[in-house]
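This report describes the chain shown below, beginning with its overall layout and then turning to strand pairing and to individual positions.

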Amino acid sequence: MNRRFWTAALGEEALYEEDLPDCCERSAKSFDSSFECPVCGAAWQAPLYVEPEECAFTERANDAQRKGAA
Ligand SMILES: [Zn+2]
């Protein structure tokens, strides 16, 4: 199961959807791309999808990530 990873429009904060403030997490579930939380006003940018590790489909992507991160 993929996890969504949101980045703050302001600043460089990046959080898993489940780690967003409760109000933002609820809002995020109704959006597929960038949104502004109607509760607290925080703006979040389109999510990255974080693939589970050790998945055959992502082997090449993970390989590239390892090289980039090393
Ligand atoms: Zn919020």
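## Terms and overall layout

Helices, of at least four residues, and strands, of at least two, are DSSP runs numbered from the N terminus. In these terms, Glu-51 lies in the loop that links strand E4 to helix H2 (59-69).

The model is a predicted one. The chain holds 2 helices and 4 strands, and their sequence order reads β-β-α-β-β-α. Of the 70 residues in the chain, 7% are buried. When contacts between residues at least 6 apart in sequence are considered, 36% of them join residues at least 24 apart.

## The sheet

The 4 strands make up an open sheet with antiparallel pairing, in the order E2-E1-E4-E3. Strand E2 (14-16) and E3 are the edge strands, each pairing on one side only.

## Pairing of E1 and E4

Strand E1 (residues 3-8) pairs with strand E4 (residues 43-50) in the antiparallel sense, and 5 bridges connect the two. Two residues of this pairing can be followed in the model: Arg-3 stands opposite Val-50 in E4, and Arg-4 stands opposite Tyr-49 in E4.

## The two hairpins

E1 and E2 are antiparallel and are joined by 3 bridges. One bridge places Thr-7 with its partner Ala-14 in E2. The two strands form a hairpin with 5 residues between them, and Gly-11 in the turn has a positive phi of about 80°.

The second hairpin consists of E3 and E4. Strand E3 (residues 35-36) runs antiparallel to E4, with 2 bridges joining them. Here Glu-36 stands opposite Ala-43 in E4. The hairpin has 6 residues between the strands, among them Gly-41, whose phi is positive and near 85°.

## Leu-15 in an edge strand

Is Leu-15 buried, exposed or partly exposed? A residue counts as buried if 20 or more other C-beta atoms lie within 10 Å of its own, and as exposed if 12 or fewer do. Leu-15 has 18 other C-beta atoms within 10 Å and is therefore partly exposed.

Leu-15 belongs to strand E2, one of the edge strands. Leaving aside its neighbours within four places in sequence, Leu-15 is in contact with Trp-6 and Leu-20. The C-alpha atoms of Leu-15 and Arg-4 are separated by 8.5 Å, and these residues are 11 residues apart along the chain. Arg-4 is also the residue that stands opposite Tyr-49 in E4.

## Glu-51 in the loop after E4

Which exposure class applies to Glu-51? With 15 other C-beta atoms within 10 Å, Glu-51 falls between the two cut-offs and so is partly exposed. Its place is in the loop between E4 and helix H2.

How far apart are the C-alpha atoms of Glu-51 and Asn-2? They are separated by 5.3 Å, although the two residues are 49 residues apart along the chain. In the pairing of E1 with E4, Arg-3 stands opposite Val-50.

Methods:
Residues numbered from 1 in each chain as written. Predicted model: local features only at pLDDT ≥ 70, side-chain atom pairs only at ≥ 80, totals over all residues. Contact = placed C-beta atoms within 7 Å. Pairing = 2+ DSSP bridges.
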